[in-house]
Amino acid sequence: MKILSATQLKIVDALTIERQHISSIDLMERVAKICAERICSQYTADLPVVVFCGMGNNGGDGLAIARLLSEQNRMVQVIVVRHTEHFSADAQVNFDRLPKSLQATLITVRSENDAGQLHIKENTCVIDAMLGTGINKPVTGILETVIHKINSAPCTVISIDVPSGLMIDHSSGELPDACVQADLVLSLQLPKLAYLFPENKRIVPHFECVDIGLDQQALLEQPSPYYFAERQDIAALLVPRNKFSHKGTYGHALLLAGSSGTSGAAVIAAEACLRSGAGLLTVHSTKQTVDALSYRLPEAMTQTDEHDSFITFCDDLSSYRAIGFGPGVGRASETQQLLKSVIQRFQGRLIIDADGLNILAENKTWLEFLPKDTILTPHPKEFERLAGPSDTHFDRLQKARAFATRYACILILKDTYTHICMPDGSVVFNSTGNAGLAKGGSGDCLTGIILGLLTRGYPPPQAALTGTFIHGYTADLCAEMMSQESILITDVIRQLPCAFKQLESTNKFFRS
Ligand SMILES: NC(=O)C1=CN([C@@H]2O[C@H](COP(=O)(O)OP(=O)(O)OC[C@H]3O[C@@H](n4cnc5c(N)ncnc54)[C@H](O)[C@@H]3O)[C@@H](O)[C@H]2O)[C@H](O)CC1
Ligand SMILES: [K+]
């Protein structure tokens, strides 16, 4: 699914009206009907609803939603916040369509005094339809006062399309002053870029895209570097194993991982790799790690490094399709030289994680020599070490895009909506995963999954997208069965077969 800017959404809106031979007021009615149905499905009929409406088309949506909810015998009150002199044309039509019962209880906020006198009762559902994609400056005045009232009221808030006050295409700063803090955002058709930044987590803790039937061709025509990965997009990338195949068909992986005290990182990555399709896996590590592996994972082959505490040397790389470097390796200078020699000698697929990234951060000139499409998987701190600090998450995103383009690598910037930055400047935001993954070992598991997919023959972009999605999806399956608090990364690995199976079931090539 693409992510478009406010300007592009306006264009698609106009093209939809033209191509579907529908009037703008009927499109608004369609939007309102879908939102009202969603609100009714979420809340019981006895919960009073207060709809805050602005003067533009977002307010028009709110006025139509209020009418439709009251037709469903819901207890509804409308509050119009007059932040401009006139309604937009369609908002005016919907204002005039308000039934008498709603007109009788209507409150209009014209002044700071009116705003100050508002009282929002406990146990109400606030529908926020004051400002949408048409916001053109930070909110002040009566809108700001009303927003503060909503945010301090003990009620549930659903924002229509956009939490009022939030800029959708760029950063609003660490904590935007005046912005509705929604419990749920019903985002019309597509997600908005700002919903994916951690800085907005209090404003958009959850969003749902509601399909309002915008013209598909018009959506396709709009260029965008930003995409949001959904289940069907990833399921379509999966490739079935060939009936006439053998272990060689699915490649041989080399995992360079582990050092004194961090054998677990190597074990986790190795197991995730073998659960993600690789034909063969050799783990090169310290004696302690190799001993642990032989016990835990007999399917993996092993090579013991000549050094007891960290890895230093690995001679022949020619038989491997993919190499994973980093989990638990530490930063010893001999290990640094090993990474340098891998970068210089290896022509296959490469994924670098954890201390591998920290070594790169200490030796930035090596970045120029990374094999094309090398996958790097930094968390925010590791990315900062590689590319320097950023003022906002929007700035960090632009930095990550520039980094992936400059070094022709795939940068997986791990976060709530992990950003997968491609060398062509495009970014795919991952949609799966939960806070149960915020634990040690999680990154090692991701590296292992992607290494497995690379070895299996997936091109690096597909391996990056699929691996990141499945990693989060599997954790979501775990969270359905157990508390996020208790999820262990080994639980996630154990559920990988189930996650693959579920995703395969929606891919036509896997159906028998
Ligand atoms: N995407 C679609 O296809 C559809 C979207 N719909 C809804 O329409 C809004 C966008 O409507 P628009 O009229 O362009 O903008 P707004 O309602 O957000 O507000 C515009 C209004 O507000 C004034 N304004 C802007 N910023 C401020 C500010 N900081 N302070 C005060 N006033 C401000 C501006 O001057 C205008 O007067 C979209 O989000 C959807 O909800 C349609 O329903 C149809 C399909
Ligand atoms: K809104």
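In this predicted model, three helices, α14 (380-387), α16 (442-456) and α17 (460-481), each contribute at least two residues to the lining of the second largest pocket. The largest share, four residues, is supplied by α16. This pocket holds about 700 Å³ of space. A total of 27 residues line the second largest pocket, and those closest to its centre are K414, D415, L437, A438 and S442. Sorted by class, the lining of this pocket consists of six nonpolar, 15 polar and six charged residues.

The database record can be set beside this pocket. In an unreviewed entry, UniProt places the feature "binding site" at K414, D415, T416, Y417, T418 and G443. From this set, K414, D415, T416, T418 and G443 are found in the lining of the second largest pocket. Such an annotation may be inferred rather than shown by experiment, so the entry is reported here simply as it stands in the record. One of the listed residues, K414, sits in the loop between β15 (410-413) and β16 (419-421). Is K414 buried or exposed? With a relative accessible area of 17%, K414 falls under the 20% cut-off and therefore counts as buried.

The two strands on either side of that loop, β15 and β16, also take part in a sheet. This sheet is open, has 10 strands with mixed pairing, and follows the order β8-β17-β16-β15-β14-β13-β12-β9-β10-β11. The strands at its edges are β8 (226-228) and β11 (301-304), each of which pairs on one side only. Elsewhere in the sheet, β13 (residues 349-352) and β14 (residues 375-376) run parallel and are joined by two bridges. Within this pairing, I351 has I375 of β14 as its bridge partner.

Cysteines are a natural next topic. A disulfide is a covalent bond between the sulfur atoms of two cysteines. How many disulfides does a search of the whole structure find? The search finds zero. The pair C409 and C421 helps to show why: the closest cysteine sulfur to that of C409 is in C421, 8.8 Å away, which is too far for a bond. The comparison that matters is with the cut-off, since a disulfide needs two sulfur atoms within 2.5 Å. Looking from the other side, the sulfur of C421 likewise has its closest cysteine sulfur in C409, at 8.8 Å. Both residues are hidden from the surface: C409 counts as buried at 0% relative accessibility, and C421 is also buried at 0%.

Another strand with buried residues is β1 (residues 49-53). Five of its five residues are buried, so β1 is largely enclosed by the rest of the structure. In a regular strand the side chains alternate between the two faces of the sheet. For β1, both faces are covered: V49, V51 and C53 are buried on one side, and V50 and F52 are buried on the other. Strand β1 runs parallel to β2 (residues 76-81), and five bridges join the two. Among the paired residues, F52 has I79 of β2 as its bridge partner.

The largest pocket contains about 940 Å³ of space. It is lined by 36 residues, of which N57, N58, G132, T133 and G134 are the closest to its centre. The elements that give two or more residues to this lining are α1 (6-19), α2 (24-42), α3 (57-71) and α7 (141-152). The largest share comes from α1, with six residues. By class, the lining of the largest pocket has 16 nonpolar, 13 polar and seven charged residues.

Two glutamines complete the picture. Q217 lies in helix α8 (residues 216-221), and its relative accessibility of 43% makes it partly exposed. Which distance separates Q217 from L15 in space? Although Q217 and L15 are 202 residues apart in sequence, their C-alpha atoms are 9.3 Å apart. Q103 has its place in helix α5 (residues 100-105). At 39% relative accessibility, Q103 counts as partly exposed. The C-alpha atoms of Q103 and A129 are separated by 17 Å, with the two residues 26 apart along the chain.

Methods:
Residues are numbered from 1 along each chain as its sequence is written. Chains are lettered from A and ligands numbered from 1 in the order in which they are written. This is a predicted model: local features need pLDDT of at least 70, side-chain atom pairs count only at pLDDT 80 or more; totals for chains, interfaces and linings use all residues. Side-chain values use heavy atoms; hydrogens and water are left out. Buried means under 20% relative accessible area, exposed over 50%, partly exposed in between (1.4 Å probe, protein chains only). On a 1 Å grid over the protein atoms alone, a cavity is a set of points where a 1.4 Å probe fits but cannot get out, and a pocket is an open set with protein on both sides within 12 Å along at least five of seven lines; lining residues have an atom within 4 Å of a point. Grid points are joined across faces, edges and corners, and a volume is the space filled by probe spheres set on the points. Ala, Val, Leu, Ile, Met, Phe, Trp, Tyr, Cys and Pro count as nonpolar, Asp, Glu, Lys and Arg as charged, and the others, Gly among them, as polar. Two strands pair if DSSP finds at least two bridges between them.
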